[in-house]
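Here is the note you asked for on this model, set out as numbered points. Please read each one alongside the coordinates.

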Amino acid sequence: MIAQQLLNGLISGAVYALFALGFTLIFGVQKVLNLAHGGVFMAGAFIAYYAVVIGLPFWVGFLLAVIASGLIAVLIDLIAFRPLRARGHANAEFAAIVASIGVDLILISLAQKLSNTKVLSFPFGTFPVEFFRFWGLRISLLQITILATLAILLLGLIYYLQRTTFGRQIRAVAISERASALLGVNSTAVYFQTFFIAGAMAGIAGVLIGLSFNSIHFLMGEPYMLRAFVVVVLGGLGNLPGAVFASLLLGMLQAMTVAYLPPGLSDTIIFAILFIVLLFWPNGLFGGSRISVGVGRQ
Amino acid sequence: MIDLFRSYQPVFDFFLFSLGLAYSQQAALRAGVFSVATAGFSALGAYACAILVKTYGAPPFLAILIGALVGGAAGWILSAPLARLRGVYQAIATLAFGEVIISLALYAEPVTGGAVGINSIPKSISTWHLLIVIAAVMYVMHAIGRSGVGRSFDALRQDETVAACLGVSITRYHALAFVISGVIGGLFGAMQSLYAYNIEPGQFGFSLMVSVLTAIVLGGRSSLIGPVFGAAILTILPELARPLAEYRPLVNGVILIGVIVFLPQGVGDAMIAYFRRRRDAARRGVSVEKRSVVASA
């Protein structure tokens, strides 16, 4: 019984991780909180849904959602963050949070209009419903897909950041935009890439979460946004593996509190933990002040 | 004229409530504290006041006073751990504070009524009460702004290191800013509960935080008149354009981006800066246009 709870928690943690990866990537590179990430995530789910509804096969809708949400994120960077970077004024953190809240409000409002405030769900059979049993545990094909996607994305992202030229450029800009510009790195291209990757990952997360809970609605990003804060703080802001570990931890913790404590206390405990971790380990539970996106070149 | 005012009275009251919460938010931002705890403070004030009035039959005035004190106490307690954090981390921590308050309000059903909230609270707040309280809050904010405390806040906001070197105690003034923010937040939360007949946890959530932040960004973070502009624009805009009322979040979003990109100081602060420049220019006998050309060069 406990094992099944832990497995369920692990999977909901993987779902949080899918969402939090892009969020923490943007923080690692640009040192701003992109509060529009929940909006992009929701947009991904919406695009996939409407693609499936007009009759496209699911994988086409999925692909469309991933590319489109990547482009939406790039657009957000162009509209909201680039003018702030160009000005480079002292209150950059505050300004970026405000601008991204603005973008989030726009996305949510458009989605609300589009869906008439209704809760949508993918037609039955969009994704094959199959269950596997082993060691007395039950796991669905979709849950396996979520775990596999998370593993592929994390490994791919780490490979990309650590082993490729683009990744080195991203890390250089994360350390110092000015110095990397002097060395010939095109920071515009770097921001384009990071926002595209982060947006695409939010889109993937949106589709998978929309599938697994079978509900897509215009406010679906908000609870994940709040969870993402917990995750990125526990894992260390900008620390990618840390974010994944923290998500898995959070998912299991939540499953345990829901199963064994009085109902309704789960959120209180989670946010109280966030508060305490922020106070004593503001760099996260995993390691010191290093930000893994910004580790030095090899 | 009176009739016209009557028909717009709810809108005006809404404006006064937004203005009050905006001052609570401004008190923190002015001292360089990136707190978004105003929603949490007002939730505490509202629940404290509603419980006192409904369960214990306390007189409204006393209940509101205690609501404000509860908000202030929360601000004071919060300031001690938050002294260790800055910037984004402070914002996340205060956000977590707000979420804890809401989830506790949802959990403690026997006391707070859970998701339904507290209903049929006797109404004892009218527009006049609100006006008087707003005037008092504005006077206090004005007095703080003109005093050494206000100057310390400004110094802390602009550069903490410099302020510390000039002998401004960071911990003490940040704590003071939190307490002021908490008292004002609790005060208006408490009055809200005695105005609107009922309160529920949902109304103090993320969206309240966003709208308070919008008002202050739009209006300005340091001037007294700033929040008035911010709250007024946010209240009047959807009323002016009825078809837009449906798109309220969208309009707010566009405003937020536009203001933070093109008018980062906010409407109120930017206007004050403009008139100050004009006045100085007139004194020196240089035309504004010439000065602005020089400034931009």
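1. In helix α5 of chain A, the buried residues (buried meaning under 20% relative accessible area, exposed over 50%, and partly exposed in between, with a 1.4 Å probe and protein chains only) are A:Leu142, A:Ile146, A:Thr149, A:Leu150, A:Leu153, A:Leu154, A:Leu157, A:Tyr160 and A:Leu161. Helices and strands here are DSSP runs, H or I over at least four residues for helices and E over at least two for strands, numbered from the N terminus. An α-helix has 3.6 residues a turn, so residues three or four places apart point the same way. The cover over the buried residues of α5(A) includes α1 (2–30), β2, α6 (165–175), α8 (187–213) and α10 (240–260) of chain A.

2. Before going further, please note that this is a predicted model, in which local features need pLDDT of at least 70 and side-chain atom pairs count only at pLDDT 80 or more, whereas totals for chains, interfaces and linings use all residues. Residues are numbered from 1 along each chain as its sequence is written, chains are lettered from A and ligands numbered from 1 in the order in which they are written, and side-chain values use heavy atoms, with hydrogens and water left out.

3. The length of α5(A) is consistent with its residue count, because 23 residues (141–163) at 1.5 Å a residue should span 33 Å, and the end C-alpha atoms are 32 Å apart; the expected span is 1.5 Å times one less than the number of residues.

4. On confidence, the model scores ipTM 0.78 and pTM 0.83. The pLDDT, which is the predictor's confidence in each residue from 0 to 100, has a mean of 82 in chain A, where 94% of the residues reach 70 or more. Over residues 289–298 of chain A the pLDDT is below 50, although this stretch has 29 contacts in the model beyond near neighbours in sequence, a contact being heavy atoms within 4.5 Å.

5. For chain B the mean pLDDT is 85, and 94% of its residues reach 70 or more. Among the elements of chain B, helix α16 (residues 288–296) has the lowest mean, at 50, while α10(B) has the highest, at 93. Residues 293–297 of chain B stay under 50 in pLDDT, and the model gives them zero contacts beyond four places in sequence. Where pLDDT is low, the predicted coordinates should not be read in detail.

6. Chain A holds 11 helices and two strands, and its elements follow the pattern α-α-α-α-β-β-α-α-α-α-α-α-α along the sequence. Its overall size agrees with the globule rule, because a compact globule of 298 residues would have a radius of gyration near 19 Å and chain A has 19 Å; that radius is taken over C-alpha atoms, and the rule is 2.2 Å times the number of residues to the power 0.38. Of the 298 residues of chain A, 55% count as buried.

7. The two strands of chain A, β1 (residues 131–134) and β2 (residues 137–140), run antiparallel and are joined by four bridges; strands count as paired if DSSP finds at least two bridges between them. A:Phe134 stands opposite A:Leu137, and A:Arg133 has A:Arg138 as its bridge partner. Two residues lie between the strands of this hairpin, where A:Trp135 takes a positive phi near 45 degrees. Please weigh these details against the confidence of β1(A), which at a mean of 75 is the lowest in chain A.

8. Helix α10 of chain B (residues 170–195) also agrees with its expected length, because its 26 residues should span 38 Å and the end C-alpha atoms are 37 Å apart. This helix is mostly covered, with 19 of its 26 residues buried, and just after α10(B), B:Tyr197 takes a positive phi of about 70 degrees.

9. Two single residues of chain B are set out here. B:Ala46, found in helix α3 (residues 38–56) of chain B, counts as buried because its relative accessibility is 0%. Leaving aside neighbours within four places in sequence, B:Ala46 is in contact with B:Gly189, B:Ala190, B:Ser193, B:Ile199 and B:Phe204. B:Cys165, in helix α9 (residues 160–165) of chain B, counts as exposed because its relative accessibility is 67%.
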